[in-house]
Amino acid sequence: MQGYQFWKRIENLNQYESLKVLAKKAGLNYPLIKNQRSAARLLKILNAYILAKMSNTSIEYLLTDKNSRTSQYPLRGIRVADKLCKVPSRNFSTVETMILSLSNEEDTNKQSVLA
């Protein structure tokens with residue numbers, strides 16, 4: 001998942017607010033957010049979570065364009081949140097790394113069920 005799509009979804013969800021206003025409301029460092037957006041990089045998990053909540057959506061949607069309520073796996077959002085709480089932050093510097101590890105685990109589980 002590229003950061004570009006993440007930021008496009010943030011923009012689409014917040015069409016009437018600038019990134020500066022959104023960062024201020026969320027209590028985030030605007031220059032940092034602006035730099036991450038400009039470089040199309042993903043945020044650290046806590047900042048992404050805050051932006052997701054401020055945008056009234058989930059991290060899953062921002063990363064995958066899928067909503068857990070309509071996905072094939074309705075409990076996925078709960079599993080993701082549970083796993084995020086258990087992972088030491090030093091092990092995952094970006095949301096992308098975390099989601100990729102969860103996606104790989106889910107693919108492995110799906111393949112074992114299909115086998």
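User: Where is Asn 56 found?

Analyst: This is a predicted model. In it, Asn 56 is in the loop between H4 and helix H5 (59-64).

User: What is notable about the phi of Asn 56?

Analyst: Start with the general idea. Most residues other than glycine have a negative phi. Now the case here. Asn 56 is not a glycine, yet its phi is positive, about 60°. Ala 40 also has a positive phi, about 55°, and is not a glycine either. Ala 40 sits in the loop between helix H3 (30-38) and helix H4 (45-54).

User: Is Asn 56 buried or exposed?

Analyst: Exposed means over 50% relative accessible area. Asn 56 has 71%, so it is exposed. Ala 40 has 29%, so it is partly exposed.

User: At what angle do H2 and H3 pack?

Analyst: Helix H2 (residues 19-26) and H3 pack at about 130°, with their axes 9 Å apart. Angles over 145 degrees would count as roughly antiparallel, and 65 to 115 as roughly perpendicular. H2 and H3 are therefore oblique to each other. The crossing of H2 past H3 is right-handed.

User: Which residues meet there?

Analyst: From H2, Leu 19, Lys 20 and Ala 23. From H3, Tyr 30, Ile 33, Lys 34 and Arg 37. By class, this contact has four nonpolar and three charged residues, and no polar ones.

User: Which element has the lowest mean pLDDT, and which the highest?

Analyst: Helix H7 (residues 95-114) has the lowest, 60, and H3 the highest, 93. For the protein, the mean is 75, and 57% of residues reach 70 or more.

User: Where does pLDDT stay under 50?

Analyst: Over residues 69-74. The model has five contacts beyond four places in sequence for that stretch.

Notes. Residues numbered from 1 in each chain as written. Predicted model: local features only at pLDDT ≥ 70, side-chain atom pairs only at ≥ 80, totals over all residues. Heavy atoms only, no water. Helix = DSSP H or I, 4+ residues; strand = E, 2+ residues; numbered from the N terminus. Buried < 20%, exposed > 50% of the residue type's maximum accessible area, 1.4 Å probe, protein only. pLDDT = per-residue confidence, 0-100. Contact = heavy atoms within 4.5 Å. Axes fitted to C-alpha atoms, helices over the stretch in contact; angles between N-to-C directions. Parallel < 35°, antiparallel > 145°, perpendicular 65-115°, else oblique. Left-handed = near helix turned anticlockwise from the far one by under 90°. Nonpolar A, V, L, I, M, F, W, Y, C, P; charged D, E, K, R; others polar.
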